[in-house]
Structures are given as structure tokens and as C-alpha cells.
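The following exercises concern the structure shown below. Please attempt each task before reading its solution.

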Amino acid sequence: MFQKMLRIKAFTHLGKMQSGEMHLTEAVLEIPISLEVPIGPQHPALHEPLMLKVYADGEEVVKVEINTGYNHRGVEKLFEMNNFYKGVFISARICGICNTVHADTYVRGIEQLLGLEPSSRARYLRVLAMELERIHSHMIINAIMAEILGYDTLFMLIMRDREYVMKAKEILTGGRVIADYFMPGGVRRDVDDIKRNRILDLLKKTRPRLEYYRKLFETDPTITNRLIDVGVLRPRDITLHGLVGPVARGSGIKTDARVEDRYDAYGEIDFNMVVHVEGDSLARMLVRWDEALESLKMCEYILTHLPEGQAVVDERKLPRVLPPGEAFTRCEAPRGELTYYIIGSGRDRPYRVKVRTPSFHNIINSGFSYLGYSIADVPVILVSYDPCISCMERAILIKDGEKKYIRLRDIANMKRG
Amino acid sequence: MSLWREILKNVFKKPVTIEYPKVETPIEIDFRGLQYADLNKCNGCTLCALECPSKAIEMRKLPENVKLKHNPRGLYPVINYPSCVFCYRCVTICPVNAYVTTNEYRLATETEKLLSDTLSLKTLKSEGS
């Protein structure tokens, strides 16, 4: 039992006896000491709905239950009911911050089914879009961490400098957040020399800011006092619970799908895998800063070494019906390994699309890591895992609050490709 | 090392935020803003309505006084901007490149000035056909 019980002896009143005297019986009462503190689904520390039921003994956390399902939108079913090319845009809407990696993984799955190979220039541009996204994703989570620590000035400053990257993404893809840049066989718009120089100028402005913030996170006592030795994960915990991405790399586990798979143009671009061995919250945040700097280096390399050729694909010439088959692709999202499993049944719609997102591992399996820390540390540890709730809600809703019940069989029979 | 120097520097700077109604937001020329069909090119093939991921495009009949030779079915696409996700799939899939793209992101409108059907029908009048 996780709940500690306080046992006290007490007398209970059972009623009057015939003689009129009070009859008192001795009994043992059990009163729980541990307090149940719900964090979420609506909470200032959380930016998306997630429920952490924290059981605390005094200030010390003794158990954490993680409840999800507040943000389920049935995206996987939506894939099955729409054709393959609509799915490219649906996959980008799974998550706002990491929309390009979702679209890229899905598009590479369709390319596997079709047997298409994008041009070298298109592959470089895809990596550029994804790395720009990685920079702004890592900046936003570090900004949120500063906000959680009560350091709102730093939050504002990081968000201000994040706009450089957002502008670069707007120049490249035509959308500030949602890129809609990927299409089987290539990308949807090209860069010319003017755009290239503008993006390079913006990246030049971003670099000193990233270096400054990285140094600040390492040295500022406001941050280090709250982050060092909080939420320590040993390498054993990581492999035991299957945590991925910067969380794993913050504990010295060398795992990075970009290095392992060398998909898109990652095989041709030189970059280092960032690994920190400390395993605490600060190490995870520093992994993100170092990766953002590494991504910046990659973006500059891509823009200066962009190969010639055709990058934009003519969408009118793509086949509507795809051959039957299966495709499995994976990608290193800003939060970790992201996989797509697509089954085509020889029609214009996929039979099944299974999405497995990094936050699913990192949040649902992380209940053990809060134990022994104080309640005030729980939001800090949670944010250091970079939770992306909209990504991870993949469960199927079986019943709703009304009397209407939906059976799994009905969902399966709804409409399938 | 702390943030004091950075904060003091910012005290004497202008705010980075944009005073929106007075100053226009800097936006790219090829930003994916609102788009509408040019009826001088559109042949009413309905492909954009079929391919729209958010089902925002509805094919409507042309007004009765408008007869177009290149549009035998007399249909034209009307985009419901509140449900449009601005992915520009309709623009790239159109076989006759009939869509006009703008970088207009301000979709609130008092009159019917910025509705898709108004904008589309206006293209017809400007040509005088």
C-alpha cells in the first residue's frame, strides 16, 4: 500500500442499552496521512490537459498516478476515413509545435508505399524545415521551464528571440507555425537566393541569443538551485521504462533516430549527438540548448550547401490510388522518437495508420521519477520531460458520459480504406 | 551571471511588440493567406472540394445571369474561411491554376468584402464578361 495509515483507538457510540446507559465499544479507526493533490487537468503549470494525481506524505511525493485522455480527437480514425494526401495535412495537425516531423514521417511512409525517391534538394529542404522547428521547440520548452520556476522575465526574453526562428520558418514554408511543407516526392515550395540570405541573417541573430541562454541556464542560481539534482534518472531507469529523446540523452543514453537511421539528408549533413550524463532536470534542459545550437549549425550548412535540382513536386501528377502494402517510418522529433505505421489496402485510403509519439513514453512511463521529491518539484520534473499532450492522446474512446455506448466493433466497421 | 544587464538594456529600448491596429504586422508576400477562385479560369471540376482536408470548400451554382463557356456545369468553389486551414491544397491541385492567392490573414470583415464568393464573383466583373 502506498497510503500510510494513522491508526488510532477510539470509542464508537452504538446506542442506548435497555438500562439507559451509554454503550461504548472500542474500535480502531484508520485515517490516511498521505494527501491526494490533483495537478491538472486545468493547472497553471500545464499548458495542455493532463491529470497528475499526486499522493503526498507531508511534502514528499509517495505516488503519482497519471491520467490521460482529455485531449483525444480520434486522429487515427480520421486518417482511415480520408485519402492518403489529405492525411499529410491531418498528420501535421496532430501537434502544432512538431508538425513538420509528423508530416515528414507520414510522407516518407507514403513514399515507401509508392516507391518514390525525393530529389536531393527536396531532402535538404525537409531537413531545414525540421531543424528550424527543433530550434523553436527547444526554445519554447526552456521558456516554459523558466516560467514554471517563476522566472517570467526569462520566459518573455526567450519567447521574443524565438520569433527570429518563427520568421525564418515563415519565409521558408509560408506558415509561421503549421508548415504544410511536405508532399510525397518532394516539398511544396522552393527557396530562392533572397529568401536564403534572409533566413541566414535571422539565424545569425539567433546564435548569440542561444549561446547566452545556454550559459544562463548553466550559471544562474535562480535556475540551477531548482533544477540540479531534481528528477534524477539513472541510465537503468531510462532503458527499463523506455524513455526516449532528450530525456534519454540527458542521462547518457546514446539514442537518436537521426544518427541511427540517417533518413532524409541527415546522412549527408555533419552533426553531433548531444549527450549529457548527469541525468537531472538541468541536464535535460542543457541537452535541448546544445541541440538547438547543433540544429542552427545544420541549418547554416544546408543553406550554404543547398544542392541544385527540382525540389517542388507537381501534386497533380501523384497517383490517387496507392499499391497495397505496409510502411514503417520513424523520425527524431524534438521530443524523441516518433513512428508511423501505415497499411495500404490498394485503395485511395489507408487501412490503418498507427502513430506512436515520444511524449506517450516519456509522460505515461514517468510516474516513478517523481517519488521522493517535494510537491513543488513535480511541475519542474514534468516540464523537463517536455510534455506534448496533444501528440500522445491515442486511446480509443469506448463510451461517453451519456447513455450512448460505442462498441469497438462499431468503430472498426465505420469506414475503412 | 544573471539577467540584470539584459533587463537594464531592455528598459531603455522600445517595446518589441507591435501596436497592431496602428502599425501593420510585417508579413511575407507568399504567406498562406486567404485564397479565392478566379472565375475566368475555373471550370467547375470540383477537384478542390473533393481534396480539401477540412471540407471547407462548397461548390455553388453560378448566378443565373452569368453564363461561362469554359464552365459548362456552372459551378464555382466557395471557401468557408472559418473552417479553412490554409494548407493551399486547393491551390496546388487545381488543374487550371484558377486560384488567386493573397497574404491576407485578417479574416474579420464587416461587410461581405472578404467572403470567398464576393471575391470570386468580383474577378468576373473586372474582366467585363
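**Exercise 1.** State how many helices and strands chain A has, and what share of its residues is buried.

*Solution.* Chain A holds 15 helices and 10 strands, where helices (H or I, at least four residues) and strands (E, at least two) are DSSP runs numbered from the N terminus. The model is predicted: local features need pLDDT of at least 70, side-chain atom pairs count only at pLDDT 80 or more, and totals for chains, interfaces and linings use all residues. Residues are numbered from 1 along each chain as its sequence is written, chains are lettered from A and ligands numbered from 1 in the order in which they are written, and side-chain values use heavy atoms, with hydrogens and water left out.

Next, burial: of the 417 residues in chain A, 55% count as buried, meaning under 20% relative accessible area (exposed is over 50%, partly exposed in between; 1.4 Å probe, protein chains only).

**Exercise 2.** Compare the expected span of helix α4 of chain A with the distance between its end C-alpha atoms, and determine how many of its residues are buried.

*Solution.* Step 1: the expected span is 1.5 Å times one less than the number of residues. Step 2: helix α4 of chain A (residues 120-148) has 29 residues and should therefore span 42 Å. Step 3: the end C-alpha atoms are 42 Å apart, in agreement with that value. Step 4: because 27 of the 29 residues of α4(A) are buried, the helix is largely enclosed by the rest of the structure. Step 5: after α4(A) comes A:G150, with a positive phi near 85 degrees.

**Exercise 3.** Describe the interface of chain B and chain A by its contacts, buried area and salt bridges.

*Solution.* Step 1: 35 residues of chain A are in contact (heavy atoms within 4.5 Å) with 27 residues of chain B. Step 2: the size of an interface is often given as the accessible area lost when the parts come together. Here the two chains bury about 2600 Å² (1.4 Å probe, summed over both parts), with 46% of it on carbon and sulfur atoms. Step 3: nine salt bridges are found across this interface, each a side-chain nitrogen of Lys or Arg within 4 Å of a carboxyl oxygen of Asp or Glu. Step 4: A:D180 and B:R32 are joined by a salt bridge, at 3.8 Å from N to O.

**Exercise 4.** Is B:E6 buried or exposed, and which residues does it contact?

*Solution.* B:E6 belongs to helix α1 of chain B. Its relative accessibility is 6%, so B:E6 counts as buried. Leaving aside neighbours within four places in sequence, B:E6 contacts A:L157, A:R160, A:R209 and A:Y212.
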